[in-house]
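Here's a quick briefing on a helix pair and a couple of individual residues. Have a look at the model first, then read on.

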Amino acid sequence: MAEAVEYTYEDIAKMIDHSLLAPGLTDEQMEEGCRLAVLYNVATVCIKPYYVRRCAELLAPSDVKPTTTVGFPHGSQCVSVKLTEAESVMDDGAEELDMVVNIGKVLSNDWEYVRNEIATVTEAVHARGRIIKIIFENCYLQDSHKIALCEICGELGVDFVKTSTGFGEAGATVEDLELMRRHSPPSVQVKAAGGIRTLDKLLEVRRLGVTRVGATRTAEILDECRRRINAAHRE
């Protein structure tokens, strides 16, 4: 007997930011990835910054949005550099931006610096009607750091808080996602990244209140989603 499903294909597809950030990806592979994202009708493609303009062209016939990163992957750039990077990728068509916090400043408990950085880039992004996700890189942080970041992001009205870059020592964990959801206001969504490789894992984090995930195995996840929905409909 097939399992009951309480979601639609679109529910799951529109949770996915299809990630094309691996350093070795060629232009040809990134174009293939953009076309795959359109085929599967995901939420966004998260692409390397220099490729945003071409990505936006490839996605134009669809409602899949171009997304990119700021301060990737360690968050150590100066605030002015992050701001310039954000403006540049928005000029190229990025609709959503995933910015890494300055991890060293977080670990130094320099909250004035951290707040100013997040506020500066968030204001610029929101001024142009775009969405910003703040990446914590939780594998390097204590719970106290994560809670403080959630509180700052909530006060500043960011759109998402995000667990990881996917390039740190570890990715999303259940414990971190529960903590981030608990300490963020309802207006701030939670994105899980790093380790979301199967439909079952995606459904697990969805039950925790996650509304977006970063994934490289998009086709496998969504093919399995279709299989389960089709099997349930045959019953």
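**How H4 and H6 pack**

H4 and H6 cross in a right-handed way (the near helix is turned clockwise from the far one by less than a right angle; anticlockwise would be left-handed). Keep in mind that this is a predicted model, where local features need pLDDT of at least 70 and side-chain atom pairs count only at pLDDT 80 or more, while totals for chains, interfaces and linings use all residues. Residues are numbered from 1 along each chain as its sequence is written, and side-chain values use heavy atoms, leaving out hydrogens and water.

*The helix pair*
- Helix H4 (residues 79-91) packs on helix H6 (residues 111-127) at about 20°, and their axes are 10 Å apart.
- That makes H4 roughly parallel to H6 (angles under 35 degrees count as such).
- On the H4 side, Val79, Lys82, Leu83, Ala86, Glu87 and Met90 meet Tyr113, Asn116, Glu117, Thr120, Val121, Ala124 and Val125 of H6 (contact is heavy atoms within 4.5 Å).
- The residues of this contact split into 8 nonpolar, 2 polar and 3 charged.

*Val81*
- Val81 also sits in helix H4, and is partly exposed at 40% relative accessible area (the class between buried, under 20%, and exposed, over 50%, with a 1.4 Å probe).
- The C-alpha atoms of Val81 and Gly71 are 8.3 Å apart, with their positions 10 residues apart along the chain.

*Arg228*
- Helix H10 (residues 218-234) is where you'll find Arg228.
- Arg228 is buried, with a relative accessible area of 10%.
- The side chains of Arg228 and Asp200 are joined by a polar contact of 2.8 Å (N or O atoms within 3.5 Å, one able to donate a hydrogen and the other to accept it).

Technical notes:
Helix = DSSP H or I, 4+ residues; strand = E, 2+ residues; numbered from the N terminus. Axes fitted to C-alpha atoms, helices over the stretch in contact; angles between N-to-C directions. Parallel < 35°, antiparallel > 145°, perpendicular 65-115°, else oblique. Nonpolar A, V, L, I, M, F, W, Y, C, P; charged D, E, K, R; others polar.
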